[in-house]
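Please find below a colleague's note, set out as numbered points to be read beside the coordinates.

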Amino acid sequence: MKRLAKPLTALKSSYDYLVIGSGYGGSIAASRMARCGQSVCLFEKGKEFLPGEFPDTLFKASGEMNFIGGKSGNLEKNGLYEFTMGSGINVFKGCGLGGTSLVNANVSIEPESRVMDDNAWPQAIREDLDSFKRGVSRARKMLRPNPYPEKKNGYPLLKKTEAMRKSAAHMSAPFRLLDINVNFEDQTNHVGVYQPKCTNCGDCVTGCNIGAKNTTAMNYLPDACSHGAEIFTEINVRHIKKGQDHWQVYFHPIGIGRDLFDAPLLFVKAKNVILGAGSLGSTEILLRSAKIGLNVSKKLGHRFTGNGDVLGFGYNNDVRINGIGLGKKGTEQIANVGPCITSVIDLREREKLEDGMTLEEGTIPGPIRGLMPKALFTFSRLVGKDSDRGFIDYFKEKWREIRSLFLGPFHGALARSQVYLVMTHDDGNGTLKMNEEGKLTINWEGVGKQEIFKKVNSEMYQATEALGGTKIPNPTWNRLMNYDLVTVHPLGGCGMADTADLGVVNHKGQVFEGETGNALHEGLYVMDGAIIPRPVGTNPLLTISALAERACELVAKEKGYELSDEFEEKHRVSPGEQPAGTGVQFTETMKGFIGWGETADFDAGYEKGKAENTPFEFTLTIQTEDMDEFVAREDHPGAMLGSMSVPSLFEDALTAYQGEFNLFVQEKAKSRQKKMRYMANLLSPDGGDYYFEGFKDIENDYVVDAWKDTTTLFIALYEGTGPDGKILGKGKLVIKVADLLRQLRTVKAIHPRSKEEGIKAIASFGKFFAGNVFETYSKII
């Protein structure tokens, strides 16, 4: 499979639509707006993972775990598994290209009709549920959910599913197999991506290394790219700002070293912005934007819900479960574990909506299985409740625990443990706020003490009782930990409503402008779980997807776009080309002065700027996509992106786009002279265009001047988009020793196929740089 993300330096200054986030809502928005013929850019905070690159051991998984006490801590924090710690409730979500679809359990299930009839929804949705149903239909067409094929195509009957049947019978409750977004046959899918069939490894929630899981990275995102969308990963969006006829999205690129220089945020222009960063991410971006002047509803951050999520275990049952993922033990053979979730005991449709719930089985993913024997043994002693008694049963249970502790999770008690995930209806009264330090906080004290969660634990006990095991509730759901909860389905924060008095967005996700009434921000939308105004009582991915599909249909109709959801042959090839080799990137800061009005002499411009105190500074990231090609070509080209600070021109920094860099270009007229060239288009904070040109002159009669030549840049600034515009001034920049040392820390290989290739590419770059310096100055010795 080819990568979808483009190199950072390919970013343009302006787009019709900028989508933030790549979960269900963001991916759908990118796909649909690209299909409408609009220029689309998608920003994702996480990294891109291809099948085979997800963690398959505890060591690798621990490197992708990001524990934060507030969503917005260190700008550089980035991991596939993101845990946000709150007061009363904690959140787990995915962070990568594909969002939480990368690490969820794939379940596509509609909410019961009473949920969608609730007055919490805007009137436009309640009175036109057909539009929601059309959204469901289009989402199913793309995500391709289907039930686990029991006893078909080589797939075995699963022990954990049979155990759920037994539990359902004991509870006199409906049981059924679920529609899950998993592929069960080798095929090239409807958007042109090859997907092998599921191997039943059980590692859905740590990332599918087979490629069988129908994440958004397998459908909506490649579809978006095929229709022209541009995707960029490791982009931490901070806030948005309203211009006269456009939006400005401010962001911090992760992992390129700008933090070492305390460099300013970069920004990009867009006619329309669609937030799809999830309940926490979208709410945080709007909260931060509101803090600097964006006029929004006071309901922003309210009605946060964990969707009534409860995790529990039926430990050490009398029947085998096989609910342990294989991790590194996975093979191409079909195993006996199965996808993470395959079945449900459906406890909805009760007289009172809020008493309803869905109870599903799960698997423990392979990378963390080694932690579980001791963990569940301990929890069973602290908070467990055994569902059966008897002398013989007691010794059987102890023997199974000994086997599990000494032989590992595939034996004994753990091999007979059922994982339960329950979704129900909490009261939805959580709040998301920004604290004084500018961090997002989750506030919902006492949520776990709501009566519904006692009912959930009672149902889990009955399910476990049928299997003769020990019921273990969520390990944090106890008196010592104040009955805190963990949710994997955070919803709300930007809730839908009819007016700004009641919510943050309208029925199509468009953001209200102001605290009252129904005035709207033109071109600003939220399309993800943040807009859902109440718990849905079951897995929410299909609801989120349907609402996003509905919103895109309405936006297209409103703006006169032609939107088709058909799959044309010309759009069935996965886009993006794999780089032929390994590239190198580094980030450089230079500081100096520019003399306004000086059009002839760089030194004179520098002196004038110094005297008039008109400093000029840039922080640029330079990338070469293929080091071998870079060395071989005569112009030795690289691409650039970054910021330029010119306080005497603008208070905020300009952003440099589509920059070009040439290293050690031979001057034809003088064989001993070489130049380093810098050229970039600049976007100013007021939306204006400027052009930057600079060069380092590598020529001298003295070897000792090699340092000065390689660290001095002669610069010129023009109005417009090229050097044919009016010249505004000239000057010089230099690299300070401290900044050079920081720069060396930013040198890294990009897209290496192995660690050895990365080291080789960096060594090649160093050798090329040093060799050219030596070649130039050795001729005068």
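The points below take up a helix, the aromatic pairs, two charge-over-ring contacts and a set of paired strands.

1. The model is predicted, and the remarks that follow should be read with that in mind.

2. Helix H13, which covers residues 541-559, contains 19 residues and spans 27 Å from its first C-alpha to its last, close to the 27 Å expected at 1.5 Å a residue. Of the 19 residues of H13, 14 are buried, so the helix is largely enclosed by the rest of the structure. Just after H13 comes glycine 560, whose phi is positive, at about 80°.

3. Across the whole structure, a search finds 26 aromatic pairs. One of these joins phenylalanine 83 and phenylalanine 92 in a tilted arrangement, with 5.0 Å from centre to centre and 45° between the planes. Phenylalanine 83 has a relative accessibility of 22% and therefore counts as partly exposed, whereas phenylalanine 92, at 14%, counts as buried.

4. Another aromatic pair, formed by phenylalanine 586 and phenylalanine 661, is edge-to-face, with its centres 6.4 Å apart and an angle of 80° between the planes. This pair links distant parts of the chain, since phenylalanine 586 belongs to strand S24 (residues 583-596) and phenylalanine 661 to strand S27 (residues 654-666), 75 residues apart. Phenylalanine 586 is buried, with a relative accessible area of 8%, and phenylalanine 661 is also buried, with a relative accessible area of 2%.

5. Phe586 and Phe661 are, in addition, members of one aromatic cluster, which they form together with Phe616, Phe618, Tyr678 and Phe692.

6. Two lysines deserve a look for their placement over tyrosine rings. Lysine 385 lies over the face of tyrosine 461, at 4.5 Å from the ring centre, while the charged end of lysine 732 sits over the ring of tyrosine 606, 5.0 Å from the centre of that ring.

7. Strand S25, made up of residues 615-624, is mostly covered, with 8 of its 10 residues buried. S24 and S25 run antiparallel and are joined by 10 bridges; threonine 589, for example, has threonine 619 in S25 as its bridge partner.

8. S25 also runs antiparallel to strand S26 (residues 637-645), and 7 bridges join these two strands. Within this pairing, the bridge partner of threonine 621 is leucine 641 in S26. In checking the strands, it may help to follow S25 from its bridges with S24 to its bridges with S26.

Technical notes
Residues are numbered from 1 along each chain as its sequence is written. This is a predicted model: local features need pLDDT of at least 70, side-chain atom pairs count only at pLDDT 80 or more; totals for chains, interfaces and linings use all residues. Side-chain values use heavy atoms; hydrogens and water are left out. Helices (H or I, at least four residues) and strands (E, at least two) are DSSP runs, numbered from the N terminus. The expected span of a helix is 1.5 Å times one less than its number of residues. Buried means under 20% relative accessible area, exposed over 50%, partly exposed in between (1.4 Å probe, protein chains only). Rings of Phe, Tyr and Trp (its six-membered ring) pair if their centres lie within 6.5 Å; planes under 30 degrees apart count as stacked, over 60 as edge-to-face and the rest as tilted. A charge sits over a ring if NZ of Lys or CZ of Arg is within 6 Å of the ring centre and within 35 degrees of the ring normal. Two strands pair if DSSP finds at least two bridges between them.
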